[in-house]
Amino acid sequence: MEEYSQTCPDCLDKTRRYLSARRYIGALGLLSASLMLFYGKFQSGGSVIVSPPLQLQNHDLNLQEEPTTTPYADHCKLDRRFMPNGSMPLILLLSFPGSGNTWARFLIERASGIYSSSCYNDAGDGSDGEPAVFSKSDPCERQTIVTKTHGWEILSRNRLRVTKSRRRCHFDGAILIIRNPYGAILADFNRDRGGKTGYANSSDFEGRGWPRFVNTRAVSWANLTRTAVTEIRNILIVFYEDLVTDTPREVRRMMRFLQVPCDEQRIRCLTDATGSYKRKHKDLTPNPYTELINETMDQYIRNTRKLLKSYHERPLPPYESGKRETTAKQQYDINT
């Protein structure tokens with residue numbers, strides 16, 4: 001080394017500086033490796049995580065952030081399917097007309113991913129651009145999640161007559177949607193005079209037509225509930241007002257009854273799932289329900305409340321006149 005220093009005095013200093021730098025870089029490398037090992041253990045709860053080496057293309061480091069993804073990054077899941085023939089129980093989606101049956105059917109399809117069926121010719125052809133168009137299916141084939149009916153097709157405790165195919169088959173249970181008859185009968189009258197989502201004209205409430213319509217429909221409303229509660233053993237009661245107020249909760253109740261796992265991403269998508277089936281609210285002035293009509297309607301409501309109580313079903317909300325469209329949630333505890 002001394003000979004080397006004599007022949008090249010500056011070379012020895014350069015060599016020493018080079019060796020010192022090598023030792024310094026080596027120490028930094030060991031320290032960095034130790035820190036990475038400690039961080040890996042901390043992140044994995046004790047097990048070492050080995051990260052792959054960073055790959056750079058032509059030394060060009062792209063620092064653009066990756067797009068943020070959420071369950072809502074894509075459109076809400078609307079895919080539905082038919083189940084194999086004979087694989088599903090035949091569960092009725094039962095209600096008095098004007099009680100939100102079509103809307104409930106839409107919600108159940110969207111939550112479960114399984115098509116529903118109907119006793120009527122109301123599948124739809126997609127001409128209105130609605131993405132959740134109902135698809136045609138014979139209920140007796142047992143391929144669908146629920147079957148829409150207003151009760152006229154029920155022959156006995158567990159037999160159903162399908163109007164469009166004239167077939168008869170056994171059913172296994174029902175979801176009964178009950179709506180305040182004041183709201184349901186008015187909605188049915190609007191449908192009768194104004195179409196699926198239209199309204200009756202003010203002149204339609206004049207004369208004897210409206211009172212006769214109410215009296216006939218009030219009897220039907222009470223009889224349907226009596227038939228369902230007394231004749232169908234496997235039944236779930238859903239109040240329309242609760243379905244409007246807390247749609248996800250009531251849909252979960254229906255999914256549990258149908259023994260279908262809840263897909264929470266689908267449930268979250270129900271907040272704006274009205275489809276084209278809900279009639280927008282419209283205040284009527286003056287009130288078309290007279291005091292004489294109210295007396296008759298309230299008696300049917302009280303009788304129905306006693307019936308549900310005697311069968312240990314969910315109590316009927318305070319539907320009497322002056323309390324129309326009251327939400328059941330506001331008055332009673334919900335048994336879930």
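**Exercise 1. The disulfide**

How many disulfides does a search of the whole structure find? Locate the cysteines and sort them.

*Solution.* The model is predicted. Step one is the count. Searching the whole structure gives 1 disulfide.

Step two is the pair. Cysteine 140 and cysteine 169 form the disulfide, with sulfur atoms 2.2 Å apart. The angle about the S-S bond is -75 degrees, and the link is left-handed.

Step three places the partners. Cysteine 140 sits in the loop between E2 and E3. Cysteine 169 belongs to strand E6 (residues 168–170). The two are 29 residues apart, and the pair links distant parts of the chain.

Step four is burial. The cut-off for buried is under 20% relative accessible area. Cysteine 140 has 12% relative accessibility, so it counts as buried. Cysteine 169 has 10%, so it is buried too.

Step five turns to cysteine 119. This residue is in no disulfide. Its nearest cysteine sulfur belongs to cysteine 169 and is 7.9 Å away. A disulfide needs sulfur atoms within 2.5 Å, so that distance does not qualify. Cysteine 119 is buried, at 0% relative accessible area.

Step six adds cysteine 262. With 32% relative accessibility, cysteine 262 counts as partly exposed.

**Exercise 2. Serine 117 and aspartate 138**

Work out the surroundings of serine 117 and of aspartate 138.

*Solution.* Start with serine 117. Serine 117 lies in strand E2 (residues 117–118). Its relative accessibility is 0%, so it counts as buried. Leaving out residues up to four places away in sequence, serine 117 touches Arg105, Ser137, Pro139, Thr144, Val146, Thr147 and Lys148.

Now take aspartate 138. Aspartate 138 is in the loop between E2 and strand E3 (147–149). At 17% relative accessibility it falls under the 20% limit, so it counts as buried.

Next, its partners. Beyond neighbours within four places in sequence, aspartate 138 contacts Val162, Ser165 and Arg167. One of these contacts is polar: the side chains of aspartate 138 and arginine 167 are joined at 3.4 Å.

**Exercise 3. Helix H9**

Check the length of helix H9 (residues 291–310), then find what its buried residues pack against.

*Solution.* First, the length. H9 has 20 residues. At 1.5 Å a residue, the helix should span 28 Å. The expected span uses one less than the number of residues. The end C-alpha atoms are 29 Å apart, which agrees.

Second, the buried positions. In H9 these are Ile293, Asn294, Met297, Asp298, Ile301, Thr304, Leu307 and Leu308.

Third, the packing partners. The buried residues of H9 pack against strand E7 (173–178), helix H4 (181–194), H5 and strand E8 (235–239).

Finally, look just past the helix. Histidine 312 takes a positive phi of about 60 degrees.

**Exercise 4. The nonpolar cores**

Which elements give two or more residues to the largest nonpolar core?

*Solution.* Begin with the core itself. The largest nonpolar core has 42 residues. Ile178, Ile185, Trp210 and Tyr289 have the most contacts inside it.

Then list the elements. Strand E1 (91–95), E7, H4, H5, E8 and H9 each give two or more residues to this core. H5 supplies the largest share, 9 residues.

Zoom in on tryptophan 210. Setting aside residues up to four places away in sequence, tryptophan 210 touches Ile185, Leu186, Phe189, Asp204, Phe205, Pro288, Tyr289 and Ile293.

Look for another core. A second, separate one has 28 residues, including Leu93, Ala104, Ile145 and Ile177. In soluble globular proteins, nonpolar side chains tend to be buried together.

**Exercise 5. Threonine 216**

Is threonine 216 buried or partly exposed? Identify its backbone partner as well.

*Solution.* Place the residue first. Threonine 216 is in helix H5 (residues 209–231). Its relative accessibility is 45%, so threonine 216 counts as partly exposed.

Then find the partner. A polar atom of the threonine 216 side chain lies 3.0 Å from the backbone oxygen of arginine 212.

Last, compare sequence and space. Threonine 216 and isoleucine 185 are 31 residues apart in sequence, and their C-alpha atoms are 9.8 Å apart.

**Exercise 6. The whole protein**

Summarise the fold in numbers.

*Solution.* Count elements: the protein has 9 helices and 8 strands. Assess burial: 41% of the 336 residues are buried. Take contacts between residues at least 6 apart in sequence: 75% of them join residues at least 24 apart. Finish with the surface: about 20,200 Å² is exposed, and carbon and sulfur atoms supply 50% of it.

Conventions. Residues are numbered from 1 along each chain as its sequence is written. This is a predicted model: local features need pLDDT of at least 70, side-chain atom pairs count only at pLDDT 80 or more; totals for chains, interfaces and linings use all residues. Side-chain values use heavy atoms; hydrogens and water are left out. Helices (H or I, at least four residues) and strands (E, at least two) are DSSP runs, numbered from the N terminus. Buried means under 20% relative accessible area, exposed over 50%, partly exposed in between (1.4 Å probe, protein chains only). A polar contact is a pair of N or O atoms within 3.5 Å; within protein, one must be able to donate a hydrogen and the other to accept it, and residues adjacent in sequence count only if both atoms are side-chain atoms. Contact means heavy atoms within 4.5 Å. Accessible areas come from the Shrake-Rupley method with a 1.4 Å probe; for residues, only the protein chains shown count as cover. A nonpolar core is a set of buried Ala, Val, Leu, Ile, Met, Phe, Trp, Tyr and Cys residues joined through side-chain atoms within 4.5 Å.
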